[in-house]
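Let's take a walk through this structure together, one stop at a time. Have a look at the sequence and the model first, and then we'll get going.

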Amino acid sequence: MMHNPPHPGIFLNETVIKPLEIGVTETAQRLGMSRTALSRVLNGKAGISPDLAVRLESAGQSSARFWVNLQANYDLWLATNREQPDIEKLDKVA
């Protein structure tokens, strides 16, 4: 498993938005969303939703499945690195 992966929104910002040299406002307009909502994603404060993933695919930026998987893998990494309560097996009771 990856060690301390980047938030998918930060990855989106670094690998797509910045290289295209378009600002957050224009990107948000092109994706049909508010600047505030996109800014939260790009700054790692909100995740890439399935709706945003579909919009990114429609905008020619990989597949929706890629973005959803990136977010799911990041969320799973966070969960596995959080302290969890004691867990008991869900075995059949004898």
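Which helices do the buried residues of H2 pack against? Keep in mind as we go that this is a predicted model. The buried residues of H2 pack against helix H1 (8-20), helix H3 (35-42) and helix H4 (50-58).

So who are these buried residues? H2 itself covers residues 24-31, and Thr27, Ala28 and Leu31 are buried in it. If you look down the axis of H2, its buried residues fall within an arc of 100°, so they line one face of the helix. Now turn to the other side of H2, where Gln29 and Arg30 are exposed. Just after H2 comes Gly32, with a positive phi of about 70°.

Gly32 is a glycine, but what about positive phi in other residues? Glu21 is not a glycine, yet its phi is positive, at about 55°. You'll find Glu21 in the loop between H1 and H2. Glu21 is exposed, and its relative accessible area is 72%. Further along there's Ser62, another residue other than glycine with a positive phi, this one near 65°. Ser62 sits in the loop between H4 and helix H5 (64-80). With a relative accessible area of 42%, Ser62 is partly exposed.

Next stop: the aromatic rings. How many aromatic pairs does a search of the whole structure find? It finds three. One of them joins Phe11 and Trp67 in a tilted pair, 6.1 Å centre to centre with 55° between the planes. Phe11 belongs to helix H1 and Trp67 to helix H5, so this pair ties together parts that are 56 residues apart in sequence.

Are the two partners buried or exposed to some degree? Phe11 counts as partly exposed, at 29% relative accessibility. Trp67, on the other hand, is buried, with a relative accessible area of 2%. Trp67 also pairs with Phe66, and here the arrangement is edge-to-face: 4.9 Å centre to centre and 80° between the planes. Why tilted for one pair and edge-to-face for the other? Planes over 60 degrees apart count as edge-to-face, and the planes of Phe66 and Trp67 are 80° apart, whereas those of Phe11 and Trp67 are at 55°.

Phe66 is partly exposed, with a relative accessible area of 32%. Put the rings together and you get one aromatic cluster, formed by Phe11, Phe66 and Trp67.

Notes: Residues numbered from 1 in each chain as written. Predicted model: local features only at pLDDT ≥ 70, side-chain atom pairs only at ≥ 80, totals over all residues. Heavy atoms only, no water. Buried < 20%, exposed > 50% of the residue type's maximum accessible area, 1.4 Å probe, protein only. Helix = DSSP H or I, 4+ residues; strand = E, 2+ residues; numbered from the N terminus. Arc of directions from axis to C-beta. Contact = heavy atoms within 4.5 Å. Phe/Tyr/Trp six-rings, centres within 6.5 Å; stacked < 30°, edge-to-face > 60°.
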